[in-house]
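Reader: I am new to this structure and would like a close look at a single part of it. Could you take me through the disulfides slowly, with the terms explained as they come up?

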Amino acid sequence: MHLSLPRRGNTMACGSTSLWAGETSWFCCGNAWGPCSSAGGGACGNCQSSAHHGAWPNASQACWNITRPDLCGENIPRRGCGAVMNVKHQCSGATVCITITDCGPRTKDWCGEATCCNGTCRTNRVLDLTPAAFSAIGNLSSGKLPVYIYE
């Protein structure tokens with residue numbers, strides 16, 4: 001029996017069903033604040049800043065209680081550790097396949113924050129990407145990107 005495993009950057013495994021749209025920012029996994037390193041495990045225990053990983057604000061009930069995207073009007077569906085998402089930059093169309101490995105962002109802290117391009121804005125941080133994932137679709141110095149999220 002031959003098993004076909006998803007490869008890094010392979011969008012075929014990510015799906016194309018629309019899940020959400022909003023802002024994404026980037027973060028360092030676990031305790032690696034400041035200059036990023038590959039250290040840190042995040043909420044799922046396997047978050048690595050150098051991999052295409054992400055943090056979702058409804059990865060569990062405990063996560064939801066911290067991030068509270070509902071306070072910004074975002075009733076984001078639950079997707080736990082290991083969920084795979086395809087993240088598409090709204091402006092450039094660049095995509096990256098990620099695996100959820102952490103809880104975040106704390107959406108309630110950025111209610112109403114907007115990132116725009118081509119006359120269309122996305123509001124509220126609904127996803128954090130590792131530096132490796134973020135730089136696959138945008139420039140780290142931009143800090144935030146408007147994105148579409150598919151599963």
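Author: What follows is a walk through some of the disulfides and where their cysteines lie. The model is predicted, so local features are given at pLDDT of at least 70 and side-chain atom pairs at pLDDT 80 or more, while totals for chains, interfaces and linings use all residues. Residues are numbered from 1 along each chain as its sequence is written, and side-chain values use heavy atoms, leaving out hydrogens and water.

The structure holds seven disulfides, a disulfide being a pair of cysteine sulfur atoms within 2.5 Å. One of them joins Cys29 to Cys47, with 2.1 Å from S to S, and this disulfide is left-handed because the torsion about its S-S bond is about -55 degrees. Both Cys29 and Cys47 lie in the loop between strand 1 and strand 2, so the pair ties together parts that are 18 residues apart in sequence; strands (E, at least two residues) are DSSP runs numbered from the N terminus. Cys29 is buried at 0% relative accessibility, and Cys47 is likewise buried at 0%, where buried means under 20% relative accessible area, exposed over 50% and partly exposed in between, with a 1.4 Å probe and protein chains only.

Another disulfide links Cys91 and Cys117, 1.8 Å from S to S. Cys91 lies in the loop between strand 3 and strand 4 (95–103) and Cys117 in strand 5 (residues 114–117), so this pair ties together parts that are 26 residues apart in sequence. Cys91 is partly exposed at 30%, whereas Cys117 is buried at 11%.

Definitions and conventions. Helices (H or I, at least four residues) and strands (E, at least two) are DSSP runs, numbered from the N terminus.
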